[in-house]
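Here is my note on the model you asked me to look over, set out as numbered points. Please read each one with the structure open beside you.

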Amino acid sequence: MSLKSLLAKLPFGPWRKAGPLVSVVRLTGVIGQGGPFRSGLSLAGVAPLLDRAFAPKDQKAVALIVNSPGGSPVQSALIAKRIRDLAEEKKVPVFAFCEDAAASGGYWLACAADEIWADESSIVGSIGVVSSGFGLHGLIERHGIERRLYTAGDKKVLLDPFSPEREDGVAHLKALQADIHEAFKAMVRARRGARLTGPEEELFSGSFWAGRRALALGLIDGLGDLRSVMRGRFGEKVRLRVVEQERGLMRRLGLRAGGGTPALQAGGTPEVFAEALVAAARTSLDDWAADWAARARLGL
């Protein structure tokens with residue numbers, strides 16, 4: 001037996017034979033722009049993670065963990081396109097694993113994968129478009145509030161919540177929704193193809209289903225979790241390389257190695273920095289409490 005073979009049997013060291021590699025990216029949260037200390041899923045935020053996930057040579061696949069109720073159709077389309085561009089460029093298959101929800105824009109992201117997997121209790125689908133608001137004109141009239149609104153262009157304000165609803169405004173909104181819905185349906189048809197087995201009037205109604213029904217409709221390819229499916233596909237020695245963003249208080253303040261904070265770099269005062277510090281710390285505590293509550297509900 002050669003020295004190389006002997007060294008490969010050791011449980012440590014660079015000579016140890018490594019198992020197949022799969023990079024993992026978590027896509028969690030509402031899709032779109034977030035607040036100053038809480039970001040949503042956007043191409044600007046996700047692109048660096050995707051670049052790192054697809055970077056390793058000779059990896060077997062990239063896995064997406066999707067847990068999103070949806071959000072911006074534009075950001076959904078941009079992120080999905082970037083995933084497909086990288087997959088085709090690197091010649092790497094992509095697997096999506098739906099957790100609590102891959103609904104609406106979340107399902108759009110899942111469709112960027114070559115295969116979609118879910119738990120039997122995952123919420124999948126919601127291939128539709130929604131817009132909501134309030135009509136407050138009656139309320140302000142009752143309180144004697146006068147609405148003053150001036151525009152150049154008779155359709156500049158069609159859906160003002162403080163004015164009576166206009167029929168042409170509703171018609172315009174529905175036309176926009178129809179265009180976006182068609183783009184969503186085209187994405188699903190292109191990615192799922194003949195695997196879709198349900199009637200289109202049901203699939204594209206905006207409804208959503210749990211995992212088993214989603215499988216019967218052809219919206220997903222199977223029921224299973226990331227570790228089990230990847231081990232079944234690539235062997236028990238498969239290595240799951242999780243690609244994550246920088247987290248914690250330092251990231252929320254914009255601190256990097258060799259750099260300062262955005263507040264101070266932009267000429268902000270120490271008071272501005274202090275306010276940012278307090279807000280970031282509060283948000284970190286909120287995140288910790290939410291994570292603890294979620295783990296308690298799941299029994300983790």
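1. A salt bridge is a side-chain nitrogen of Lys or Arg within 4 Å of a carboxyl oxygen of Asp or Glu. With that cut-off in mind, Arg148 and Glu146 qualify as a pair, since their closest N and O atoms are 3.5 Å apart. Arg148 counts as exposed at 58% relative accessibility, and Glu146 counts as exposed with a value of 58%. Please keep in mind throughout that this is a predicted model.

2. The search of the whole structure finds 17 salt bridges, and a few of them deserve a separate look. Side chains of opposite charge can pair when their charged atoms come close. Arg166 forms a salt bridge with Asp168, where the closest N and O atoms are 2.6 Å apart. Here Arg166 is partly exposed, with a relative accessible area of 29%, and Asp168 is partly exposed with a value of 29%. There is also a network of salt bridges, which links Arg84, Asp114 and Arg191.

3. Helix α3 takes up residues 73-90, which makes 18 residues, and the distance from its first C-alpha to its last is 26 Å, close to the 26 Å expected at 1.5 Å a residue. At the start of this helix, a side-chain oxygen of Ser72 comes to within 3.3 Å of the backbone nitrogen of Val74. Just after the helix, Lys91 has a positive phi of about 55°.

4. Which residues of α3 are buried? They are Gln75, Ser76, Ile79, Ala80, Ile83, Arg84, Leu86 and Ala87. These residues lie on the same side of α3 because they cover an arc of only 165° around the axis. The face turned away from that buried side carries the exposed residues Val74 and Glu89. As for the cover over the buried residues of α3, it includes β1 (21-28), α2 (43-54), β2 (61-68), β3 (94-103), α4 (105-110) and α6 (167-192).

5. Within α3 there is also a salt bridge between Lys81 and Asp85, whose closest N and O atoms are 2.8 Å apart. Both residues lie in this helix, four residues apart, and that spacing is about one turn of the helix. Asp85 is partly exposed, having a relative accessible area of 33%.

6. The largest nonpolar core has 47 residues, and those with the most contacts inside it are Phe54, Ile83, Tyr107 and Leu219. At least two residues of this core are supplied by each of β1, α2, β2, α3, β3, α4, β4 (115-118) and α6, while the largest share, seven residues, comes from α2. Ile83 can be followed outward from α3, for it touches Leu27, Leu50, Phe54, Leu64, Val94 and Ala112, when residues up to four places away in sequence are not counted.

7. Apart from the largest core lies another core, of 12 residues, among them Val22, Ala61, Phe97 and Met230. Is Phe97 buried or exposed? Phe97 is buried, with a relative accessible area of 4%, and this residue lies in strand β3. Leaving out residues up to four places away in sequence, the residues that Phe97 touches include Ala63, Leu64, Trp117, Leu226 and Met230. Finally, Phe97 and Ala110 are 13 residues apart in sequence, and in space they are 7.6 Å apart, C-alpha to C-alpha.

Conventions. Residues are numbered from 1 along each chain as its sequence is written. This is a predicted model: local features need pLDDT of at least 70, side-chain atom pairs count only at pLDDT 80 or more; totals for chains, interfaces and linings use all residues. Side-chain values use heavy atoms; hydrogens and water are left out. The expected span of a helix is 1.5 Å times one less than its number of residues. Buried means under 20% relative accessible area, exposed over 50%, partly exposed in between (1.4 Å probe, protein chains only). The arc is that of the directions from the helix axis to the C-beta atoms. Contact means heavy atoms within 4.5 Å. A polar contact is a pair of N or O atoms within 3.5 Å; within protein, one must be able to donate a hydrogen and the other to accept it, and residues adjacent in sequence count only if both atoms are side-chain atoms. A nonpolar core is a set of buried Ala, Val, Leu, Ile, Met, Phe, Trp, Tyr and Cys residues joined through side-chain atoms within 4.5 Å.
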